[in-house]
Amino acid sequence: IYMSDFIRLLSYVYEYVEDKKCENVGFVKLDGRNGTVRVYVNLRTDASYEQYVKVFLCKRNEGTICKIFLDEGKLAKGRLEMMREISVDELDGCFAIYISGADENDKKCEYCTFLTDNTEEISVIRGIIESDTEDSIEDNTEENIEIASAVEEELMEENKPHDMWSE
């Protein structure tokens with residue numbers, strides 16, 4: 001998904017109704033430099049009611065799928081725009097961004113975009129999202145930037161080009 005110093009990805013978000021992929025309702029854009037990634041979520045639906053939605057990263061971790069709470073927002077008059085900064089390390093293993101919510105009458109909405117070719121059934125993702133276990137990305141962006149910078153420097157030091165002619 002990314003290179004060490006630069007990330008740019010645009011992925012379309014689709015609405016899912018009864019586990020079936022329906023229409024395109026927006027996009028997710030990942031834009032990152034120097035260890036920090038801005039995640040932009042932009043939705044435009046035809047919903048006339050307000051819904052509170054939660055946004056999750058879906059990741060593979062040692063053979064299992066886990067969810068990481070990214071942010072929440074209000075889908076008002078069918079529109080949602082949000083941005084969150086995360087560490088590039090938090091994207092490692094991320095294959096989807098899942099957005100779900102319900103209105104005051106419990107009418108559910110679910111939207112998803114897959115960031116890789118390895119897609120899962122939406123019902124599998126929903127099962128993970130609805131489970132009790134939840135990780136979250138804490139709002140410690142400065143600390144994450146420092147950690148990512150230190151790791152990047154260490155990796156660059158380890159991977160310096162080896163000059164076989166100088167020996």
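When I call a residue buried today, I mean that its relative accessible area is under 20%. Keep in mind, too, that this is a predicted model.

So, with that cut-off in hand, let's start at helix α1, residues 122-130. Which residues of α1 are buried? They are Ile122, Ile125 and Ile129. Looking down the axis of α1, you'd see these buried residues fall within an arc of 60 degrees, so they line one face of the helix. And what does that buried set pack against? Five strands: β1 (6-17), β4 (51-61), β5 (64-75), β7 (94-102) and β8 (108-114).

Let me step back to the overall layout. The protein chain has two helices and nine strands. Going along the sequence, the order is β-β-β-β-β-β-β-β-α-β-α. There are 167 residues in the protein chain, and 40% of them are buried. Now take the contacts with a separation of 6 or more: 61% of those are between residues 24 or more positions apart.

Okay, salt bridges. How many turn up in a search of the whole structure? Five. I'll walk you through some of them.

One is between Arg8 and Asp31, with the closest N and O atoms 3.1 Å apart. This pair links distant parts of the chain, since Arg8 is in strand β1 and Asp31 is in strand β2 (residues 20-33), 23 residues apart. The two ends sit in different surroundings, if you go by the numbers: Arg8 is partly exposed at 49% relative accessible area, while Asp31 counts as buried at 13%. There's also a network here, in which salt bridges link Arg8, Asp31 and Arg33.

Next, have a look at strands β3 and β6. Glu85 and Arg38 form a salt bridge, and their closest N and O atoms are 2.8 Å apart. Glu85 is in β6 (residues 79-87) and Arg38 is in β3 (residues 36-44), so to speak two distant parts of the chain, 47 residues apart. Glu85 is partly exposed, at 24% relative accessibility, and Arg38 is partly exposed as well, at 37%.

Then there's Glu81 with Arg44, where the side chains meet in a salt bridge at 2.5 Å, N to O. Glu81 lies in strand β6 and Arg44 in strand β3, so this pair ties together parts that are 37 residues apart in sequence. Here Glu81 is exposed, with a relative accessible area of 56%, and Arg44 is partly exposed at 32%.

While we're around β6, let me point out Asp71, which lies in strand β5. If you set aside its neighbours within four places in sequence, Asp71 is in contact with Val53, Lys54, Val55, Met82, Met83 and Arg84. For one of those, Met82, the C-alpha atom is 8.6 Å from that of Asp71, and the two residues are eleven apart along the chain.

Now a couple of loops. Most residues other than glycine have a negative phi. Where do we find positive values here? One is Asn34, with phi near 50 degrees. Asn34 is in the loop between β2 and β3, and it counts as exposed at 53% relative accessibility. Another is Lys77, with phi near 55 degrees. Lys77 is in the loop between β5 and β6, and it's exposed too, at 71%.

Last stop, the pocket. The largest pocket has a volume of about 410 Å³. Its lining has 22 residues, and the ones nearest its centre are Gly101, Lys107, Lys108, Cys109 and Glu110. Which elements give two or more residues to that lining? Those are β1, β7, β8 and α1. By class, the lining of the largest pocket comes out as nine nonpolar, four polar and nine charged residues.

And that brings us back to where we started. Helix α1 gives residues to the lining of the largest pocket, and its buried residues pack against strands that include β1, β7 and β8. If you have the model open, try finding Ile122, Ile125 and Ile129 on α1, and then Lys108, Cys109 and Glu110 by the pocket centre. That's it from me, thanks.

Notes: Residues numbered from 1 in each chain as written. Predicted model: local features only at pLDDT ≥ 70, side-chain atom pairs only at ≥ 80, totals over all residues. Heavy atoms only, no water. Buried < 20%, exposed > 50% of the residue type's maximum accessible area, 1.4 Å probe, protein only. Helix = DSSP H or I, 4+ residues; strand = E, 2+ residues; numbered from the N terminus. Arc of directions from axis to C-beta. Contact = heavy atoms within 4.5 Å. Salt bridge = Lys/Arg side-chain N within 4 Å of Asp/Glu carboxyl O. 1 Å grid on protein atoms, 1.4 Å probe; cavity = no way out; pocket = protein on both sides within 12 Å on 5 of 7 lines; lining within 4 Å. Points joined across faces, edges and corners; volume = space filled by probe spheres on them. Nonpolar A, V, L, I, M, F, W, Y, C, P; charged D, E, K, R; others polar.
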